[in-house]
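Here is a short tour of a structure for you to follow on screen. Have the sequence and the coordinates side by side, and let us begin with a single residue before stepping back to the whole chain.

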Amino acid sequence: MAPALPPPGRSEVLSLLRSFLRTTRDFADYNIREYTKRRTIDAFRQNKDLSPPSAVSAAFSDGESQLEVARRQATVYSLYAPKVKSIMEI
């Protein structure tokens, strides 16, 4: 059996948060960009008080997988970006 990995440190978690927020800027559509930004911040606040190392590690690995999904979605959305900006961006 493989030894359990130590839970991620504060710097790793903040790096994941910054990566998420950078990825949200890649969405061309205002509504999607703001939704992903809001959802990211809410998820990190919800998991702020996790204390068992196994729960922290599970939440971190889930966050990493969600980051990859967000990156792929940003790429797909950029291929089909609307030609006209939203009224919120004007």
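Ser19 has a relative accessible area of 12%, so this residue counts as buried. Please keep in mind that this is a predicted model. Ser19 belongs to helix H1, which covers residues 10–24. Once residues up to four places away in sequence are set aside, Ser19 touches Leu67 and Arg71. Helix H3 runs over 53–79.

**The chain as a whole**

With that residue located, the overall layout is easy to follow. The protein chain holds 3 helices and 0 strands, and from the N terminus on its elements read α-α-α. For a compact globule of 90 residues, a radius of gyration near 12 Å would be expected, whereas the protein chain has 16 Å. Its C-alpha trace spans about 55 × 25 × 15 Å along the principal axes.

Of the 90 residues in the protein chain, 18% are buried. The exposed surface comes to about 7,000 Å², and carbon and sulfur atoms supply 57% of that area. As for charge, the protein chain carries 14 positive and 10 negative charges, and the mean positions of the two sets are 5 Å apart.

How do the contacts spread along the sequence? If you take contacts between residues at least 6 apart in sequence, 72% of them join residues at least 24 apart.

**The annotated span**

An unreviewed UniProt entry places the feature "domain: Complex 1 LYR protein" at residues 12–69. In the model, this span is 81% helix and 0% strand, and its end C-alpha atoms lie 19 Å apart.

**More residues to visit**

Arg33 sits in helix H2, and H2 itself covers 30–46. Is Arg33 buried or exposed? Its relative accessibility is 16%, and because buried means under 20%, Arg33 counts as buried. Not counting residues up to four places away in sequence, Arg33 touches Thr24, Arg25, Phe27, Ala28 and Glu89. One of these partners, Thr24, is also the last residue of helix H1 (residues 10–24).

Leu50 lies in the loop between helix H2 and H3. With a relative accessible area of 33%, Leu50 is partly exposed. Leaving aside neighbours within four places in sequence, Leu50 is in contact with Ala55, Val56 and Ala59.

Now follow the chain past helix H3. Both Lys85 and Ile87 are found in the segment after this helix. What is the accessibility class of each? Lys85 has 58% relative accessibility and therefore counts as exposed; Ile87, at 68%, counts as exposed too.

Two C-alpha separations help to place this segment in space. Lys85 and Ile41 are 44 residues apart along the chain, and their C-alpha atoms are separated by 25 Å. Ile87 and Tyr30 are 57 residues apart in sequence, with 9.1 Å from C-alpha to C-alpha.

The accessibility values of the residues visited here are gathered below.

| Residue | Relative accessible area | Class |
|---|---|---|
| Ser19 | 12% | buried |
| Arg33 | 16% | buried |
| Leu50 | 33% | partly exposed |
| Lys85 | 58% | exposed |
| Ile87 | 68% | exposed |

To close, return to the contacts with the segment after H3 in view. Glu89 is among the residues that Arg33 touches, and Arg33 is part of helix H2. Ile87, which is found in the segment after H3, has its C-alpha atom 9.1 Å from that of Tyr30.

Terms used:
Residues numbered from 1 in each chain as written. Predicted model: local features only at pLDDT ≥ 70, side-chain atom pairs only at ≥ 80, totals over all residues. Heavy atoms only, no water. Helix = DSSP H or I, 4+ residues; strand = E, 2+ residues; numbered from the N terminus. Rg over C-alpha atoms; globule rule 2.2 N^0.38 Å. Buried < 20%, exposed > 50% of the residue type's maximum accessible area, 1.4 Å probe, protein only. Contact = heavy atoms within 4.5 Å. Areas by Shrake-Rupley, 256 points an atom, 1.4 Å probe, with all protein chains shown as cover. Lys, Arg positive; Asp, Glu negative; His and termini not counted. Charge placed at Lys NZ, Arg CZ, Asp CG, Glu CD. UniProt positions renumbered as here; feature names shortened; annotations may be inferred.
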